[in-house]
Structure formats: structure tokens, C-alpha cells
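Here are my comments on the model you sent round. Please read them with the structure open.

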Amino acid sequence: MFGKIGAPEIILILVVVVLLFGAKKLPDMARSLGKSARILKSEAKAMKSEGKQDEAAPADPPADQAVPRTIQAAPGDVTSSRPVAEPSDTPQR
């Protein structure tokens with residue numbers, strides 16, 4: 001049904017796009033599309049590196065090296081996050 005797409009078809013598609021959206025909005029649309037592509041690329045790279053770190057990290061840290069944990073606050077509220085002490089298995093005397 002659909003044959004080869006050549007130069008005349010591509011030119012026709014571009015003319016229709018310019019008529020629909022207007023020449024003034026096309027640069028803004030291209031800019032936002034570029035930003036979206038960069039964000040997608042950086043998120044995919046972060047997910048990939050996060051997966052590699054999970055594989056390389058040991059499952060549990062040694063008992064003598066206790067790492068303090070932090071209670072996370074609501075997004076945007078960095079003033080209320082604070083470190084907490086975790087209860088240990090052995091009683092302190």
C-alpha cells in the first residue's frame with residue numbers, strides 16, 4: 001500500500017507541518033524536543049549506571065562499619081532530613 005517515500009513526499013509533509021503549527025512555533029517545538037531527548041538520555045544513563053553499582057556493591061556492609069542512615073524529607077524540604085541512629089542487636093551497657 002505504502003511505497004517508497006521520496007523527496008516530494010517529505011517536502012509535502014514539511015509544508016503541511018509548517019502550515020499547521022506556524023513558522024514561529026517550530027523552533028520552540030524543536031528546542032523542547034531536544035531538551036526532552038537530552039533528559040531521556042541522561043535518565044537512561046543514570047539507570048544503567050545505577051544497575052551496575054547495584055551489582056558491584058556488596059549486599060550487606062560489615063558489622064563493624066555501621067553506616068548512618070538518613071530519614072528523607074518530603075521533596076523540596078531539605079531542612080527536616082536528619083541522620084538517625086539504628087538500634088543494634090546487642091544491648092549497650
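The points below go from confidence and layout to individual residues.

1. Status of the model. This is a predicted model. The mean pLDDT over the chain is 75. Of the residues, 55% score at least 70. Confidence varies by element: it is highest in helix 1, at 90, and lowest in strand 2 (residues 82–84), where the mean is 57.

2. Layout. The chain contains 2 helices and 2 strands. Read from the N terminus, their order is α-α-β-β.

3. Burial. How much of the chain is buried? Buried residues account for 0% of the 93 residues. The accessible surface of the chain is about 9300 Å². Carbon and sulfur atoms supply 63% of that surface.

4. Geometry of helix 1. Does the length of helix 1 agree or disagree with the expected span? Helix 1 covers residues 7–21, which is 15 residues. At 1.5 Å a residue, the expected span is 21 Å. The end C-alpha atoms are 21 Å apart, so the two values agree.

5. After helix 1. The residue that follows helix 1 is Gly22. Its phi is positive, near 85°. Check this residue when you look at the end of the helix.

6. A nonpolar patch on the surface. Which residues form the nonpolar patch? They are Leu12, Val16, Leu20, Phe21 and Met29. Together they have about 490 Å² of accessible area. Helix 1 is the main contributor, giving 4 residues.

7. Leu12. This patch residue sits in helix 1. Is Leu12 buried or exposed? Its relative accessibility is 57%, and the cut-off for exposed is over 50%, so Leu12 counts as exposed.

8. Phe21. This residue also belongs to the patch and is found in helix 1. Its relative accessible area is 41%, so Phe21 counts as partly exposed. Which residues does Phe21 touch, leaving aside those up to four places away in sequence? They are Leu26 and Met29. Met29 is itself a member of the patch.

9. Leu26. This residue lies in helix 2. Its relative accessibility is 24%, and buried means under 20%, so Leu26 counts as partly exposed. Leu26 touches Val17, Val18 and Phe21, when residues up to four places away in sequence are not counted. The contact with Phe21 links a residue of helix 2 to one of helix 1.

10. The salt bridge. How many salt bridges are there? The count is 1. The side chains of Arg31 and Asp28 form a salt bridge, with 2.8 Å from N to O. Both residues lie in helix 2, which runs over residues 25–56. They are 3 residues apart, about one turn of the helix.

11. Exposure of the salt-bridge pair. Are Arg31 and Asp28 buried or partly exposed? Arg31 has a relative accessible area of 48%, so it counts as partly exposed. Asp28 has a value of 45%, so it is partly exposed too.

12. In short. Helix 1 has the highest confidence in the chain, and its span agrees with expectation. Helix 1 also gives the most residues to the nonpolar patch. Helix 2 holds both partners of the salt bridge, Arg31 and Asp28. Strand 2 has the lowest confidence.

Key. Residues are numbered from 1 along each chain as its sequence is written. This is a predicted model: local features need pLDDT of at least 70, side-chain atom pairs count only at pLDDT 80 or more; totals for chains, interfaces and linings use all residues. Side-chain values use heavy atoms; hydrogens and water are left out. The expected span of a helix is 1.5 Å times one less than its number of residues. pLDDT is the predictor's confidence in each residue, from 0 to 100. Patches are made of residues with over 30% relative accessible area and no salt bridge: like charges are joined within 9 Å, nonpolar side chains (Val, Leu, Ile, Met, Phe, Trp, Tyr) within 5 Å. Accessible areas come from the Shrake-Rupley method with a 1.4 Å probe; for residues, only the protein chains shown count as cover. A salt bridge is a side-chain nitrogen of Lys or Arg within 4 Å of a carboxyl oxygen of Asp or Glu. Buried means under 20% relative accessible area, exposed over 50%, partly exposed in between (1.4 Å probe, protein chains only). Contact means heavy atoms within 4.5 Å.
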